Amino acid sequence: MITKQFHHILGLWEEAKVKASNINQPVLISYTEKVDQLDPLKYFKASARHFPGQRFYWSNPTKSHVMVGAGVAKEFTANGTQKRFHGIEKEWKRFSGQSLKNQDNQKIGPVIYGGFSFDPKKEKTKLWDNFADALFVLPTIMFTSIDNENFMTINYWSDSEESHLQELMRIKEELGKGSSISHAFAPEIVKCLEMDPNDWKESIQTVTNRISDGVMDKVVLARELRVLFNDEINVDLVLENLLEEQSNSYLFTVERGSDCFIGATPEQLVKKDGNQVHSMCLAGSIGRGATLQEDEKLGKNLLTDNKNIHEHELVVQMIKSALQEVCHDVTTPTEPNLYKMKHIQHLHTPVTANTGKEVTLADLLNLLHPTPALGGYPREISMETIREVEKLDRGWYAGPLGWMDAQNDGEFIVAIRSGLLQGKEASLFAGCGIVGDSDPESEYRETQMKFRPMLSALGGIKES
């Protein structure tokens, strides 16, 4: 039986075939319909049956915007170091500009998701083979929950077969039912391997000496923790744990075949919504207290600590200065506040601005990445220093990760508090801002604290 929805899909398909013949290339079709309430996590789990290794999950801290994608209708990649942001944006704009979508639902349209490596100039290892320096995916089927409204989108092409469209509708209907998922068991951690901890501490001393000599003001150094398990890591369970334990963070999951990059980051890089621009400064960290009194004392210490205040102010000034190049009405509070998470609290300063229509999301990414919170200050010398002294291949860790829609709006976060899951192994990443008076042992302890969210989600920390 041909449903009303399938009739619309066939109608767009016929229209797209005519357009495709005129421009001599396939045309993207994006069909969206409003649906009833659906649990995004159940949707994510159920979609593994049809699209193994091809899923993504995204949610903002308030869960007012959640996206779950499955399948690959189209991939977008870009080479080069300086033009990769604009390269992805240009190619996506070309495809989406020729696309067709149903006129009865204009609120949600085609969206691509993906990310960029932290530094395309850094020497590569095999660790990140499945993640290019710039890679975005248009999902085959996507569930979106935004401001308590729910939508499902199918993306297909003018050269598709009708049988393929019928199969997509069948899968969409199945996923929309929110089928129950059997309980999954977490594998046990066999061993945690710290990658060159002593060398990492020595690199801090090298950097502080250069800062004292006036070469730069700050450098962020990261390190890796390799975690080994007795069985395959269950991505669904890790995401479920992050949703429970890090609910006030941005949550993200990007599957690439047998690899999965997943995390819960507190840090927004930039959001563009029409002419409105939002960013944040997040630098300076301390742990959480066991009691309310201890927690408040730690927070007060952070707000008055010269080292952390200096580190935070460098980020504030850089982000404000960068946005002022293309924005007006750039506004920040006069003092930072505390951003409290389960295991850690940060100094936090929100930034808002307005910009003209000619400024694109790629322009903003190019200006802001990497901020001093992830690279250092000044930018060029700090990046050169990281390439020299940091033995880690960061890959997508600390890079921009997010989404773009067909209206050139979107949101990107900084992919920290994250891990790369690979079968029975996982690489976790953590970094610290190094300034002139940084103590290697103290910075080492800070990274241990920053590993905790992902270790906990993987089952390595038993909460009391």
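Visitor: In this predicted model, which residues of α3 meet residues of α9, and what makes that a contact?

Guide: F85, H86 and E89 in α3 meet L361, A362, D363, L365 and N366 in α9, and the term contact applies because it means heavy atoms within 4.5 Å. By class, the contact of α3 with α9 has 4 nonpolar, 2 polar and 2 charged residues.

Visitor: How do you know whether α3 and α9 are roughly parallel or roughly antiparallel to each other?

Guide: Helix α3, residues 84–97, packs with helix α9, residues 361–368, at an angle of about 165 degrees, their axes being 9 Å apart. Angles over 145 degrees count as roughly antiparallel, and α3 and α9 are therefore roughly antiparallel to each other. As for the handedness of the crossing, α3 passes α9 in a right-handed one.

Visitor: What makes the largest pocket a pocket, and what is its volume?

Guide: The name pocket is used because the set of points is open, whereas in a cavity the probe cannot get out. The volume of the largest pocket is about 560 Å³, and among its 32 lining residues H65, I146, K271, W403 and E411 are the closest to the centre. At least two lining residues come from each of β3, β8, β14, β15, β18, β20 and β21, with the largest share, 4 residues, supplied by β14. Sorted by class, this lining comprises 11 nonpolar, 12 polar and 9 charged residues.

Visitor: How many cavities of 30 Å³ or more are found in the whole structure, and which residues lie nearest the centre of the largest cavity?

Guide: The search finds 4 cavities of that volume or more, and the largest cavity holds about 190 Å³ of space. Its lining has 21 residues, with L282, A373, I416, G431 and K450 nearest the centre. Two or more lining residues come from each of β11, β15, β23 and α11, and β15 gives the most, 4 residues. The classes here are 9 nonpolar, 5 polar and 7 charged.

Visitor: Why are G114 and G402, in the lining of the second largest cavity, classed as they are?

Guide: Both G114 and G402 are lining residues of that cavity, and they count as polar because Gly is placed among the others, outside the nonpolar and charged lists. The second largest cavity has a volume of about 50 Å³, and its lining also includes F56, W58, M67, F252 and W403. The elements β2, β6, β12 and β20 each give two or more residues to this lining, which divides into 9 nonpolar, 3 polar and no charged residues.

Note on methods: Residues are numbered from 1 along each chain as its sequence is written. This is a predicted model: local features need pLDDT of at least 70, side-chain atom pairs count only at pLDDT 80 or more; totals for chains, interfaces and linings use all residues. Side-chain values use heavy atoms; hydrogens and water are left out. On a 1 Å grid over the protein atoms alone, a cavity is a set of points where a 1.4 Å probe fits but cannot get out, and a pocket is an open set with protein on both sides within 12 Å along at least five of seven lines; lining residues have an atom within 4 Å of a point. Grid points are joined across faces, edges and corners, and a volume is the space filled by probe spheres set on the points. Axes are lines fitted to C-alpha atoms, for helices over the stretch in contact, and angles run from 0 to 180 degrees between N-to-C directions. Angles under 35 degrees count as roughly parallel, over 145 as roughly antiparallel, 65 to 115 as roughly perpendicular and the rest as oblique. A crossing is left-handed if the near helix is turned anticlockwise from the far one by less than a right angle, and right-handed if clockwise.
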